[in-house]
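Me: I'm new to this one, so could you walk me through it with some questions and answers?

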Amino acid sequence: MLDTHRLRVFRSVVASGSVQGAATNLGYTPSAVSQHVTALQRETGLALFERVGRGLRVTAAGLVLAEQADGILTRLGEAESVVADLRAGRTGTLSVSYFASVGAAWMPGVVRRLTGEFPGVRLDLALREWLPDDPADRSDVQVAVERPDFAAWPGFTVHHLLDDPYVVVLPPGHPLAGRDEVELAELADERWVDNDFARGWCRRNLVEACTAAGFRPPFHVEAHDYPTALAFVAAGIGITVLPELGAEHLPSGTCAVPVVRPAPVRSILAVVRDAAAHTPPVLATLEELRAAAGPAARLSPGAGRPVR
């Protein structure tokens, strides 16, 4: 195994033309330079220099090794630069997954900050409505909806971002439009527009709340996403109940009213890979997510619920 430090000293002697010149350029004593060159010749079993009068001349073998050393030292320098950049968060890849309503409301701000502060980081973004069971599919940062007591897998930590209450979105002129809140039971006879193709926790949470209020939601129209469901409401087809974050951009004429008794709430979490948790891009991502979620989520950078 060649000693890279000795290669550097050897290459300096070749470039400088003498041991004395290399010693001056490197800040070493001539004796130290000679010792490194002698040790390298012993390691390689090659005569790298030959005496010419009072000076040295590089042998043919030495010239070949010097050419190879250039490539080795260049690649080593590149690797050292990559390591320094990775420590500083300037290069590498950050994978982030998120669900649809967060994608529209929060992710543009997150991505704007990351691309501005860490232009060398490649962002791998994925739209995912549920947390994957397969470890190979898990992102470094996963913004997800889960039960408040969700415990992450080994090697990940949960950070609570927001408790997102549900609202009913009513069409123009609906009798309940002027209310401060609406009891779920009052919606039992309405024409419901479904809005969750994934049939994930958000929908199950809503159905459980309706069951607690004594009815099952009568879905007359099935839509696969929030914008489509809201468009149906705006057209007067029915009402839809969804988390407040999904109702940030309502169609003209519609209104959103909080639902109560019971009041369904979904928890929005960031599930972070422990191995990447303290890198600058991940810390910036969490900070931006907390800022988007509001004051209640602005915890200290290390705050989170560890694996149980």
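Reply: Sure. A salt bridge here is a side-chain nitrogen of Lys or Arg within 4 Å of a carboxyl oxygen of Asp or Glu. Keep in mind that this is a predicted model.

Me: How many salt bridges does that rule give?

Reply: Side chains of opposite charge can pair when their charged atoms come close. Going by the rule of 4 Å between nitrogen and carboxyl oxygen, the count of salt bridges is 13.

Me: Which parts of the chain does the salt bridge of E43 and R6 tie together?

Reply: The side chains of these two, E43 and R6, meet with N to O at 2.2 Å. E43 sits in residues 30-44 and R6 in residues 4-16, so the pair ties together parts 37 residues apart in sequence: helix α3 and helix α1.

Me: Is E43 buried, partly exposed or exposed?

Reply: Buried would need under 20% relative accessible area, and exposed over 50%. E43 has 34% relative accessibility, so E43 counts as partly exposed.

Me: How far apart in sequence are E80 and R8?

Reply: Their side chains form a salt bridge, with N to O at 3.7 Å. E80 belongs to helix α4 (residues 60-88) and R8 to helix α1, so to speak distant parts of the chain, and the separation is 72 residues.

Me: What is the relative accessible area of E80?

Reply: Its salt-bridge partner R8 is partly exposed at 33%. E80 is partly exposed too, and its relative accessible area is 44%.

Me: Which residues are joined into one network with R113?

Reply: Start with the salt bridge between R113 and E288, at 3.3 Å from N to O. R113 lies in helix α6 (residues 107-117) and E288 in helix α9 (residues 280-293), so this pair ties together parts 175 residues apart in sequence. Salt bridges that share partners then join R113 into one network with E117, E287 and E288.

Me: Let's switch to N195. Is N195 buried or exposed?

Reply: N195 is in the loop between β8 (192-194) and α7 (201-212). Its relative accessible area is 8%, and the cut-off for buried is under 20%, so N195 is buried.

Me: Which residue's backbone oxygen does the side chain of N195 reach?

Reply: N195 touches several residues beyond four places away in sequence, among them A223, Y226, T240 and V241. With T240, the side chain of N195 makes a polar contact of 2.7 Å. The backbone oxygen that the N195 side chain reaches, at 3.0 Å, belongs to V241.

Definitions and conventions. Residues are numbered from 1 along each chain as its sequence is written. This is a predicted model: local features need pLDDT of at least 70, side-chain atom pairs count only at pLDDT 80 or more; totals for chains, interfaces and linings use all residues. Side-chain values use heavy atoms; hydrogens and water are left out. Helices (H or I, at least four residues) and strands (E, at least two) are DSSP runs, numbered from the N terminus. Buried means under 20% relative accessible area, exposed over 50%, partly exposed in between (1.4 Å probe, protein chains only). A polar contact is a pair of N or O atoms within 3.5 Å; within protein, one must be able to donate a hydrogen and the other to accept it, and residues adjacent in sequence count only if both atoms are side-chain atoms. Contact means heavy atoms within 4.5 Å.
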